[in-house]
Amino acid sequence: MADNLRALFSSNDPSAFEVSEAFTDRHGQWVAVAAALEEHLRRIASGSFDVEDLEVPRRNVLVFHGVGGVGKSTLLRKVEAALTTAEHRPEQWGAPTWTERVLPIRIDLSRAASAGSDFERVILTIRLALAGALGRPLPSFDVALRHYWEHVHPGEPLEEYVRRSGLAGRFANMLPQQLRAGVGEVAAALALPGLVGSAAGQLTSALVQALRERQERAQALAGATRTAALLEATPDLEALSYYPHLLAWDLNRLPAKKSVVPVVLLDTFEETADRHRDFERLLQRLVWLMPNVLFVIGGRSRLQWADPALHGQLDWTGPAAWPGLAAASASSLTAPQPRTAGSGARQHLIGDLSPEDCEAHLARRLVQDGQPLINADIRDAITARSHGLPLHLDLAVSRFLEIRRTGRTPTPDDFDCTFPALLARTLSDLTAEERHLLRSVSLLDAFDLDLATKTAGLTHQAPARRLAERPLVTENTYALWPYHLHRAIRSAVREDEHSDDRWTNADWHQAATRALAALGDQWTNAAALAPSRILLVACLRQGLRLARDHRLTGLGWLIDAAFVYTDDSVWEPLALPTPNGPAPDTPADAVAELLTAIARRQHEHRQHTADRLTAILDTGLLPSELTEMALYYRAKAHKDLSQNDAARTGMQQVADTGGRLAPKARRGLANLARLAGDFPTALAAVPTLGWEGRHHRVLGDIHWSHAHTAQAIAAFEAGRVEAEQHGAAGERVMTQVRLALAVSFADPDRADDELALAHQLLDGLDQRANTLLAHIVALIKDAGTPGVTDRAQNLHTDIDNAGLPYLIRFLELGLAFHHAVRGAGDDLAATVERLNSLTADGDFAYFTDIAAAMGDISRTPSPHVRWLTSHGAVEEGWRTLVTARRAHLNTPS
């Protein structure tokens, strides 16, 4: 309301536009709870209310939703306390107007999900609470529950389950007693006292028979219309989900002096999420079948039950079934409607707002002639800067009115700013030590207590712990670093130019230096114990940004981390510079650009990668250790582009330095020798390569080229094992794809399994070339079957787009194998000619010889190729593979 008054007094013509209140504090949310409860009490007290009516729309649910960590659970706990006793209700909430006895029951659904019993736990929690509040049995439900329990949990006493599952409390012993009492009441009503201690099934059968025969005493005690049908159903989880209907009936028939109105608070509703909405379906059934109970739900998202699109996924959907949950009609007003529009609305957003909610709020905050006063471009700018923080939106609205009052029309650029008032409110209740810590951690995307303490230059963690407990810090216990500042507050801290104790540039530089060192300590200490790629990438992302933004020198650990990052060819995005960003002008800039260019080569044409690496090398800013990295990956890009002379030059430069990448460069030279057809030279290099030079992979590539598939498979399997021993996921998948390649020519059945493993290993790794090679392997595996040619054409386009022309040779070789198996001489001849053109410079010329050998096409062997055996032996080996595939497919020669 204060914001509305501020807007009212901001103009000489307050009637020129309408101002609506944007947000409610916890008092407003309590008002929503109180209003919903009052309406609920009036409805169930009405003479027209029928607890057994399953067709009337449901209005017994209230939803509070918002992003994680904004206080939804706290709100529900406070509501639970306020409904329990008056002393726990804040004074500003006021006294309730109802006189009926209310029983709040809060259920943490995250506990239900983690316990593995889910819906059982929810039902037992409600029944335990009623056991303590009523002190009496609820016969219809209790007989059904006992029947279910003995069927699903044979031999397990309910008392023991309650204790073991953590539900035990002061009412834990009352429930089993009341179940026994309920059974006794039913047995007495049936005049069969001997059934009290008997199996539940016997009592259930007797009760069903009595209800079917319309025995008066049985109907009076357990006479809901559907009781007999429910008791006859198989007592499984599905049946249990309908038993709340009996519980609602029992509650509805309690004497006035004993009656109680439950208010069930379902917290962390997001924990019910699963692909098929199984748990959610059971909970919705609970809500629908207990119309005399008010349900208050807290979760991260709006409840979608009123969405007709969910028809078939849940039992009751659409606005007719849940009128209070339906979003306002888009055509009802010109301006977007608030999420809680109308007195019947039952969904309330709390905490930070989503972009859609920001848009809706800003559109309705100021309205003139039915149209939003703040135009769409400005709303977008404010939303982007706010990061969903309600206070930022309020301050932006005030700024809009201030600018408008000067006679100038506001523009989006006017809102590309933070607000000193936001920071002032944030800092107002922090100690000097906490303010220093807040500015320090604003340098970090995320942090833990140790990282925060070292970045601030403190010797003890207590201030960091206190800061982490404040609402401006969000905690995710499952994250690598669990804490992060609210993004709008972080921006305000970093751009502060008004606070009395604001930092100087030197202060920020010193803190960034401490932060970089702290990140390095975390990575190096962890790597010494158990290397973690997740920690490596996270430290690189934060460390490179700090070094770049604050122009730090002494990169130290970042150089070692860069080598570890590139060593395994996984290529997680580092999200640093954009491809069209400014040219590097510091060593940190150059390192960041180097790693980004190497990682991004999986998503862009290799020529662009080569050009970017050349530009980085030309700056002369790279530390000497990383210059060889740029040279090596530029040489790899040249190889992928089939610019093999340039690739050999680059690889030789790196090999001659004798640095960290020299073994890989020697492997690159061996592979380039193989591509040129110089197999003896490639083979001679293998003993010098070792693990760092990936000797098994190089050897396997030599063997499969000679149709020595058994030896190739053995080499690739050895390489995969070695990669697993070194924990090298990237190398493991590279050897697996090549293993599948060797197998695909000789054993298509096994190739299915090897390819499946290759795709499994590729999942989550950013290896574009190997992914495309795996698709080529799939074509070779299917050689001789329909559809291969069409698939090859589509794959050709993907390879062109990736800028990996060397893979075209593999694709054409696969097509040659396909045509040879089919005996399609003309198609094979055309493929051989294409290969001949593609290998005219001498590299991959042996592919042309292999393709001709597959179809026994007579041609002069390439003079550039030096085989390990005779040319005739190689020809015979490939023809044997074609013959074997024909036999496998029963294809005539």
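Which residue in strand 5 is the bridge partner of leucine 62? In this predicted model, the bridge partner of leucine 62 in strand 5 is valine 296, and this pair belongs to a set of 5 bridges that join strand 2 to strand 5 (residues 294-299), the two strands running parallel.

The protein as a whole comes to 41 helices and 10 strands. Of its 893 residues, 54% count as buried, and among the contacts between residues at least 6 apart in sequence, 70% join residues at least 24 apart.

Strands 2 and 5 are part of an open sheet in which 5 strands are arranged in the order 3-4-5-2-6, with parallel pairing. The edges of this sheet are occupied by strand 3 (102-108) and strand 6 (347-349), each of which has a single partner strand, so that one side of each is left without a neighbour in the sheet. On average, and with direction ignored, neighbouring strands of this sheet are turned by 15 degrees against each other. In general, the strands of a sheet pair through backbone hydrogen bonds, in either a parallel or an antiparallel manner.

Strand 2 (residues 61-65) also pairs with strand 6, in the parallel sense and over 3 bridges. Within this pairing, valine 63 has glutamine 347 of strand 6 as its bridge partner, while histidine 65 stands opposite leucine 349 of strand 6. Strand 2 is mostly covered, with 5 of its 5 residues buried. The burial extends to both faces of strand 2, since Val61, Val63 and His65 are buried on one side and Leu62 and Phe64 are buried on the other.

At the edge formed by strand 3, 7 bridges join this strand to strand 4 (residues 261-267), and the two run parallel. One of the residues of this pairing is isoleucine 105, whose bridge partner in strand 4 is valine 264. Although strand 3 stands at an edge of the sheet, 5 of its 7 residues are buried, so strand 3 is largely enclosed by the rest of the structure. Threonine 268 is placed in the loop between strand 4 and helix 14 (278-289). The phi angle of threonine 268 is near 50 degrees, a positive value in a residue other than glycine, and threonine 268 is buried, with a relative accessible area of 14%.

Among the helices, helix 38 (residues 806-822) and helix 39 (residues 825-838) have axes that come within 9 Å and cross at roughly 160 degrees, which makes helix 38 roughly antiparallel to helix 39. The crossing of helix 38 and helix 39 is left-handed. Helix 38 contributes Ile808, Arg809, Glu812, Leu813, Leu815, Ala816, His819, Ala820 and Arg822 to the contact, and helix 39 contributes Asp827, Leu828, Thr831, Arg834, Leu835 and Leu838. Sorted by class, the contact of helix 38 with helix 39 has 8 nonpolar, 2 polar and 5 charged residues.

Helix 39 is in turn packed against helix 40 (residues 845-854), their axes coming within 9 Å and crossing at roughly 170 degrees, which makes helix 39 roughly antiparallel to helix 40. In this contact, Leu828, Val832, Leu835 and Asn836 of helix 39 meet Phe847, Thr848, Ala851 and Ala852 of helix 40. By class, the contact of helix 39 with helix 40 has 6 nonpolar and 2 polar residues, and no charged residues. Leu828 and Leu835 of helix 39 are thus listed both in the contact with helix 38 and in the contact with helix 40.

Aspartate 856 lies in the loop between helix 40 and helix 41 (871-889). This aspartate has a positive phi of about 55 degrees although it is not a glycine, and at 55% relative accessibility aspartate 856 counts as exposed.

Two further regions concern helix 22 and the loop that holds threonine 225. Helix 22 (residues 487-494) is mostly covered, with 6 of its 8 residues buried, and these are Ala488, Ile489, Arg490, Ser491, Ala492 and Val493. Threonine 225, by contrast, is placed in the loop between helix 10 (216-222) and helix 11 (227-232) and counts as exposed, at 63% relative accessibility. The C-alpha atoms of threonine 225 and tryptophan 249, which are 24 residues apart along the chain, are separated by 9.7 Å.

Conventions
Residues numbered from 1 in each chain as written. Predicted model: local features only at pLDDT ≥ 70, side-chain atom pairs only at ≥ 80, totals over all residues. Heavy atoms only, no water. Pairing = 2+ DSSP bridges. Helix = DSSP H or I, 4+ residues; strand = E, 2+ residues; numbered from the N terminus. Axes fitted to C-alpha atoms, helices over the stretch in contact; angles between N-to-C directions. Parallel < 35°, antiparallel > 145°, perpendicular 65-115°, else oblique. Left-handed = near helix turned anticlockwise from the far one by under 90°. Contact = heavy atoms within 4.5 Å. Nonpolar A, V, L, I, M, F, W, Y, C, P; charged D, E, K, R; others polar. Buried < 20%, exposed > 50% of the residue type's maximum accessible area, 1.4 Å probe, protein only.
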